[in-house]
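Colleague: I would like a close look at one part of this model, starting from a single aromatic side chain and working outward. Please set it in the context of the rest of the chain.

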Amino acid sequence: MADIIQSTGRRKTSVARCTMVSGKGEILVNGRSLDEYFNYDTLKVIAKSPLELTENLNNYDIKINVNGGGYTGQAGAIRHAIARALLIANPDYRQALKRAGFLTRDSRKKERKKPGFKKARKSSQFSKR
């Protein structure tokens, strides 16, 4: 296993840079603990899911620098970065991570606003007469 593993994860407009070393399971996001950074339990579960799937919750210390987007996008970017780092650490995890969909970059983004519309697809009310 490599000493220091670095990876990048993306979701919407968020980018997460992950540095993983063997340790006791400490996760720091932008200098704060994961529990302190995310207010919602669902986001914490999303971010930790690759570690729980591969049963490595207490095996690695992870430092994450994430910016851009909102909390949901950042949690998805963190999940993507951690999954990629685990794959570098142990290629045997590939099948489980791929099946769970953690290695696939979620390409869904906000659709752009079109001219003549109020939002991306919302138009003004149609009047026949």
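Colleague: What is the relative accessible area of Y71, and does that make the residue buried or exposed, or something in between?

Modeller: The model is a predicted one, and what follows is computed from it. Y71 has a relative accessible area of 41%, so it counts as partly exposed. Buried would require under 20% and exposed over 50%.

The surroundings of Y71 are best described through its ring. Three aromatic pairs turn up in a search of the whole structure. In one of them, Y37 and F38 meet edge-to-face, with 5.1 Å from centre to centre and 80 degrees between the planes. Y37 and F38 are both buried. Y71 comes in through F38: the centres of these two rings are 6.2 Å apart and the planes stand at 75 degrees, so this pair is edge-to-face as well. It links distant parts of the chain, since F38 sits in the loop between α1 and α2, Y71 belongs to helix α3, and 33 residues separate them. Ring pairs thus link Y37, F38 and Y71 into a cluster. Within the F38–Y71 pair, F38 is buried at a relative accessible area of 1%, whereas Y71 is partly exposed at 41%.

From F38 the description passes to the nonpolar core. F38 is among the residues touched by I78, along with A16, V29, A47, I64 and V66, when residues up to four places away in sequence are left out. I78 is in turn one of the four residues, with M20, I62 and I64, that touch the most other members of the largest nonpolar core, a set of 30 residues. Two or more residues of this core come from each of β2 (14-22), β3 (27-29), α1 (34-37), α2 (41-53), β5 (60-67) and α3 (71-89). Helix α3 supplies the largest share, ten residues.

M20 gives a second view of that core. This residue lies in strand β2 and is buried, with a relative accessible area of 0%. The C-alpha atoms of M20 and I5 are separated by 5.0 Å, although the two residues are 15 apart along the chain. Leaving out residues up to four places away in sequence, M20 touches D3, I4, I5, Y60, D61, I62, A85, L86 and A89. One of these contacts, I62, is also on the list of residues that touch the most other core members.

Helix α3 also holds a polar residue, H80. With 4% relative accessibility, H80 counts as buried. A polar atom of the H80 side chain lies 3.3 Å from the backbone oxygen of L103. L103 is one of several residues that H80 touches; the others are T8, G9, R10, F102, T104 and R105, again not counting residues up to four places away in sequence.

Two loop residues deserve a brief note for their backbone. N30, in the loop between β3 and β4 (32-33), has a phi near 50 degrees, which is positive in a residue other than glycine. N30 counts as partly exposed at 33% relative accessibility. E55 is likewise not a glycine and has a positive phi of about 55 degrees. E55 is placed in the loop between α2 and β5, and counts as exposed at 68% relative accessibility.

As for the whole chain, the protein has four helices and five strands. Read from the N terminus, the elements run β-β-β-β-α-α-β-α-α. The radius of gyration is 18 Å, well over the 14 Å that the globule rule gives for 129 residues, so the protein is more spread out than a compact globule. Along the principal axes, the C-alpha atoms fill a box of roughly 70 × 30 × 20 Å. Of the 129 residues, 33% count as buried. Among contacts between residues at least 6 apart in sequence, 68% join residues at least 24 apart. The accessible surface comes to about 8,500 Å², and carbon and sulfur atoms account for 47% of it.

To return to the starting point: Y71 is a partly exposed residue of helix α3, and its ring pairs with that of F38 in the loop between α1 and α2.

Notes
Residues are numbered from 1 along each chain as its sequence is written. Side-chain values use heavy atoms; hydrogens and water are left out. A nonpolar core is a set of buried Ala, Val, Leu, Ile, Met, Phe, Trp, Tyr and Cys residues joined through side-chain atoms within 4.5 Å. Buried means under 20% relative accessible area, exposed over 50%, partly exposed in between (1.4 Å probe, protein chains only). Contact means heavy atoms within 4.5 Å. A polar contact is a pair of N or O atoms within 3.5 Å; within protein, one must be able to donate a hydrogen and the other to accept it, and residues adjacent in sequence count only if both atoms are side-chain atoms. The radius of gyration is taken over C-alpha atoms; the globule rule is 2.2 Å times the number of residues to the power 0.38. Accessible areas come from the Shrake-Rupley method with a 1.4 Å probe; for residues, only the protein chains shown count as cover. Rings of Phe, Tyr and Trp (its six-membered ring) pair if their centres lie within 6.5 Å; planes under 30 degrees apart count as stacked, over 60 as edge-to-face and the rest as tilted.
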